[in-house]
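Subject: Structure handover and notes

Hello,

Here is the structure we discussed, with the sequence alongside. My notes on what turned up in it follow below.

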Amino acid sequence: MNVSISADARLALDLAVTIRYDGHGGVADDLATAAGLTAWVREHPEAGADGFEADETELAAVRDVRAAVRALFARAVRPGEPSPADAARLMPVRDAVERLNIRAALAPTVPVLSWPEGADPAIRQEPVHGGAELTATLARAAIAFLASPDRQRLRACHAPRCVRYFLKDHPRQEWCKPSCGNRARVARHHERHKKTA
C-alpha cells in the first residue's frame with residue numbers, strides 16, 4: 001500500500017530530512033553550506049525559487065525554518081520518540097510555531113480565481129509580488145502539512161544511526177526505508193546473541 005502525499009507534505013518532509021545518516025556512523029547536513037542549499041532548492045522546483053542562488057543569510061533563515069519544522073515533527077510523533085538527531089536540542093514548541101508563522105507571513109498572497117469551461121471554479125493563492133520568498137514557501141508548506149491528516153502518519157525512524165522522519169505508508173511499516181529495517185534487524189540479532197553468549 002503506497003499512499004500518496006500532498007506537495008506541502010513532501011516539501012516539508014524533504015526539508016526535514018536534509019539532516020540524515022551519513023553512512024559512516026555520523027550525521028550529514030545537506031544544508032551545511034550555501035552551495036548545499038542552492039542545490040537542494042534547485043532539486044525542489046515547488047519551492048518556487050527559479051534561478052535561486054543561496055547566500056549565508058538565506059542559508060541561516062532556511063536552517064532556522066528547518067529547526068522549527070523538526071521540533072514540530074518531534075511533537076507530532078508523540079508519544080513516540082523524536083529523531084535522535086534532535087532529541088537533545090529541540091527548540092520549544094512555542095518558539096517553533098512562532099518562527100513558522102513569522103516566516104509564512106513574509107510573502108503575502110492574494111486569492112486568484114480560475115474557472116475553466118466545464119469545471120468548477122477554483123481558488124489558488126499566489127504571491128502578491130510574483131515570487132514567494134523561499135522561507136515563506138517552506139514555512140507555509142510545513143504549516144499546511146502539520147495541520148493536515150497526513151501528520152498522523154508521521155514517524156521518526158529508530159533504526160540504528162538513522163535520524164530521518166517519514167510518513168508511514170503501511171500499518172506494519174517501522175522504518176523510513178528497507179536499509180534501515182535491515183540495520184535494525186541485524187542490531188537485534190547481535191543483541192540477542194550477545195545476551196546468550
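Arg10 and Asp14 form a salt bridge in this predicted model, and their closest N and O atoms are 3.1 Å apart. Both residues belong to helix α1, where a separation of 4 residues puts them about one turn of the helix apart. Arg10 is partly exposed because its relative accessibility is 36%. Asp14, at 17%, falls under the 20% limit and therefore counts as buried. Leaving aside residues up to four places away in sequence, Asp14 touches Trp40 and His44.

Other salt bridges

The structure holds 8 salt bridges. In another of these pairs, the side chains of Asp30 and Arg20 meet with an N to O distance of 2.8 Å. Asp30 sits in the loop between β2 (27–29) and α2 (34–42), while Arg20 is in strand β1 (residues 19–21), so this salt bridge ties together parts that are 10 residues apart in sequence. Both ends are partly exposed: Asp30 has a relative accessible area of 27%, and Arg20 has a relative accessibility of 28%.

Asp64 and Arg99 make a further salt bridge, with 2.6 Å between the closest N and O atoms. This pair links distant parts of the chain, since Asp64 is in helix α3 (residues 56–76) and Arg99 is in helix α4 (residues 93–104), 35 residues apart. Asp64 is partly exposed at 22% relative accessibility, and Arg99 is also partly exposed, with a relative accessible area of 33%. Separately, Asp29, Arg63 and Arg66 are joined into one network by salt bridges that share partners.

The second largest pocket

Arg10 comes up again here. The second largest pocket has a volume of about 210 Å³. Its lining consists of 14 residues, and Arg10, Leu13, Phe166, Leu167 and Cys176 are the ones that lie nearest the pocket centre. Helix α1 (7–16) and strand β6 (165–167) each contribute at least two lining residues. Sorted by class, the lining has 8 nonpolar residues, 5 charged residues and 1 polar residue.

Helix α5

Does the length of α5 agree or disagree with what its residue count should give? Helix α5 (residues 134–146) has 13 residues, which at 1.5 Å a residue should span 18 Å; the end C-alpha atoms are 18 Å apart, so the two agree.

The helix is mostly covered, with 10 of its 13 residues buried. The buried residues of α5 are Leu134, Thr135, Ala136, Thr137, Leu138, Ala139, Ala141, Ala142, Phe145 and Leu146. They pack against α1, α2, α3 and α4, and also against the strands β5 (154–156) and β6. Helix α1, with Arg10 and Asp14, is thus one of the elements that the buried residues of α5 pack against.

Backbone points to check by eye

Most residues other than glycine have a negative phi, and most peptide bonds are trans. Two places in this model are worth a look with that in mind.

The peptide bond from Arg78 to Pro79 is cis, with omega near 10 degrees. Pro79 is in the loop between α3 and α4. Those are the two helices that carry Asp64 and Arg99.

Arg161 has a positive phi, near 70 degrees, and is not a glycine. Arg161 lies in the loop between β5 and β6. At 43% relative accessibility it sits between the 20% and 50% limits, so Arg161 counts as partly exposed.

One more residue

Where is Pro127 found? Pro127 is in strand β4 (residues 122–127). Is Pro127 buried or exposed? Neither in full: its relative accessibility is 26%, so Pro127 counts as partly exposed. Pro127 and Val65 are 62 residues apart along the chain, and their C-alpha atoms are separated by 19 Å.

Regards

Notes. Residues numbered from 1 in each chain as written. Predicted model: local features only at pLDDT ≥ 70, side-chain atom pairs only at ≥ 80, totals over all residues. Heavy atoms only, no water. 1 Å grid on protein atoms, 1.4 Å probe; cavity = no way out; pocket = protein on both sides within 12 Å on 5 of 7 lines; lining within 4 Å. Points joined across faces, edges and corners; volume = space filled by probe spheres on them. Nonpolar A, V, L, I, M, F, W, Y, C, P; charged D, E, K, R; others polar. Contact = heavy atoms within 4.5 Å. Buried < 20%, exposed > 50% of the residue type's maximum accessible area, 1.4 Å probe, protein only. Salt bridge = Lys/Arg side-chain N within 4 Å of Asp/Glu carboxyl O. Expected span 1.5 Å × (residues − 1).
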